[in-house]
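Ready to practise reading a protein model? Work through the exercises below with the structure open beside you, and try each task before you look at its solution.

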Amino acid sequence: MKISIIVPVYNVAIYLPSCLDSLLNQSMRDIEVIVVNDGSVDGSVNVLAKYQASDKRLIVVNQENRGLSAARNAGLERAQGEYVLFVDGDDFIEKNTCEVLYEKARLLKLDILAFGRYLERRNGIVKDSVYWKTEQEYMLGLVYLEQAIYKEKFTASACNKMYRRTFLQQYHLCFREGILYEDLLFLIQCLFYAQRVATADSLFYHYIQYRSDSIINTVKDKDKDVLKTIRLLSDFFQRKKRMEVLESTYYRILIYDWIVNAVAYKYIRMAPCNLKAHRIVRSIVYSSEFMPYSTSLIKDVQAGWKRRVPALLQRSSYGMYCFFVWGFYFLRQGYHYLRGLV
């Protein structure tokens, strides 16, 4: 078995057919698709039963609702492929994804292979490439992380990477259960151990961002889990005695950008008048966990003005900070839309 594709499913019956069609119609046939139904109540089970009856490569695992991390871990436990891909049940991939990625990963004996995405939004599709030219065919995981951050090619998603399964097993790498935004913790731990990481120069993953009930489009107190992730990452590097990573500019940029994109941009953009949303944002950006990162970037030239200015405004006035973030977000979205529109 060359590739195991793990698909967590929770109430995505409307989107599931396009997802499964893209997986089962891959140009590479030597794959397995492991769908973990995480307690869906919307008809997803019926969709899965129909597809499973016509293609034995589809393996369905049913469990009570335990969350995205538990669903992915359940899939990992059953995976038999040489490499592993994660695809969310409301997304889909290009027909040649497995064939192209496997060929490069196998040739270079990669631990992790990152690839680009199409961000599917209500107002169009934006290309999100992770590729840049390097002198080496592959690099150490933390070297990749540093370069990707400075080149603004890093994405904190587990879904636009392919992983060697024995690599994940060797270091007991899996998703932390019980927290939101689990991808970053998993990915950074993977990169810490990875010896061979490369990027693909093509885009394969279609990331659906217009679902009104998706994680990225809802206001919830659980978003404060980003602070828990910061603590878990800090504890991880301290245990590994790699304090230089925690003290580096690229790591501070990583945490700052991740928090701002995961919470501040999202809430200020979609709910500028929602008091609950602002309470959540304030509790995060003024927390003892996040403030050291934003403060440290104010005088750091490497951080760039687009981080230094809002970090300074954040300290001075929450209102000015929100106004800047809101304005910068729409300017940035317009720029990327015009630059990357398909």
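This is a predicted model, and we begin with one of its helices.

**Exercise 1. Check the span of helix α4 (residues 97-108) against its number of residues.**

Solution.
- Step 1: Helix α4 holds 12 residues, and at 1.5 Å a residue they should span 16 Å. The expected span is 1.5 Å times one less than the number of residues.
- Step 2: The C-alpha atoms at the ends of α4 are 17 Å apart, which agrees with the expectation.

**Exercise 2. Find which residues of α4 are buried, and work out how they are arranged around the helix axis.**

Solution.
- Step 1: A residue is called buried when its relative accessible area is under 20%. In α4 this holds for T97, C98, L101, Y102, A105 and L108.
- Step 2: Look down the axis of α4: the buried residues fall within an arc of 150 degrees, so they line one face of the helix.
- Step 3: Turn to the other side of α4, where E103 and L107 are exposed.
- Step 4: Follow the chain just past α4 to K109, which takes a positive phi of about 55 degrees.

**Exercise 3. Do the same for helix α5: list its buried residues and describe their arrangement.**

Solution.
- Step 1: The buried residues here are G141, L142, Y144, L145, A148 and I149.
- Step 2: Down the axis of α5 they fall within an arc of 155 degrees, so these residues line one face of the helix.
- Step 3: After α5 comes E152, with a positive phi near 55 degrees. Keep E152 in mind for Exercise 6.

**Exercise 4. Is strand β1 (residues 3-9) enclosed or open, and which strands does it pair with?**

Solution.
- Step 1: Count the buried residues: 7 of the 7 in β1 are buried, so the strand is largely enclosed by the rest of the structure.
- Step 2: Check each face of β1. On one side I3, I5, V7 and V9 are buried, and on the other S4, I6 and P8 are buried, so to speak a cover on both faces.
- Step 3: Look for the partners of β1. Strand β2 (residues 31-38) runs parallel to β1 and is joined to it by 7 bridges; within this pairing, V7 stands opposite V35.
- Step 4: Trace the path from β1 to β2. The chain passes through helix α1 (residues 16-24), and this β-α-β crossover is right-handed.
- Step 5: Strand β4 (residues 83-86) also pairs with β1 in the parallel sense, over 4 bridges. Here I5 stands opposite L85.

**Exercise 5. Describe how β6 and β7 fit together, and find a salt bridge between them.**

Solution.
- Step 1: A hairpin joins β6 to β7 through 2 residues. The two strands pair in the antiparallel sense over 5 bridges, and L119 has V126 in β7 as its bridge partner.
- Step 2: Follow the side chains along β7. G124, V126 and D128 point to one face and are buried, while I125 and K127 point to the other and are not.
- Step 3: Now look at R117 and D128, whose side chains meet in a salt bridge with 2.7 Å from N to O. The distance fits the rule, which asks for such atoms within 4 Å.
- Step 4: R117 lies in β6 (residues 112-121) and D128 in β7 (residues 124-128), so the pair ties together parts that are 11 residues apart in sequence.
- Step 5: Check the surroundings of the pair. R117 is buried at a relative accessible area of 11%, and D128 is buried at 17%.

**Exercise 6. Locate the salt bridge between E152 and R307, and say how accessible each partner is.**

Solution.
- Step 1: The closest N and O atoms of E152 and R307 are 3.8 Å apart.
- Step 2: E152 sits in the loop between α5 (141-150) and β8 (161-164), and R307 in helix α13 (residues 305-316); the pair links distant parts of the chain, 155 residues apart.
- Step 3: E152 counts as partly exposed at 49% relative accessibility, whereas R307 counts as buried at 6%.
- Step 4: Widen the view: E152, D257, K306 and R307 are linked in a network of salt bridges.

**Exercise 7. How many helices and strands does the protein have, and how compact is it?**

Solution.
- Step 1: The protein has 14 helices and 9 strands.
- Step 2: Its radius of gyration is 20 Å, close to the 20 Å that the globule rule gives for 342 residues, so the protein is as compact as a globular protein of that length.
- Step 3: Buried residues make up 55% of the 342 residues.

Conventions
Residues numbered from 1 in each chain as written. Predicted model: local features only at pLDDT ≥ 70, side-chain atom pairs only at ≥ 80, totals over all residues. Heavy atoms only, no water. Buried < 20%, exposed > 50% of the residue type's maximum accessible area, 1.4 Å probe, protein only. Arc of directions from axis to C-beta. Pairing = 2+ DSSP bridges. Right-handed = clockwise from strand over helix to strand, strands pointing away. Rg over C-alpha atoms; globule rule 2.2 N^0.38 Å.
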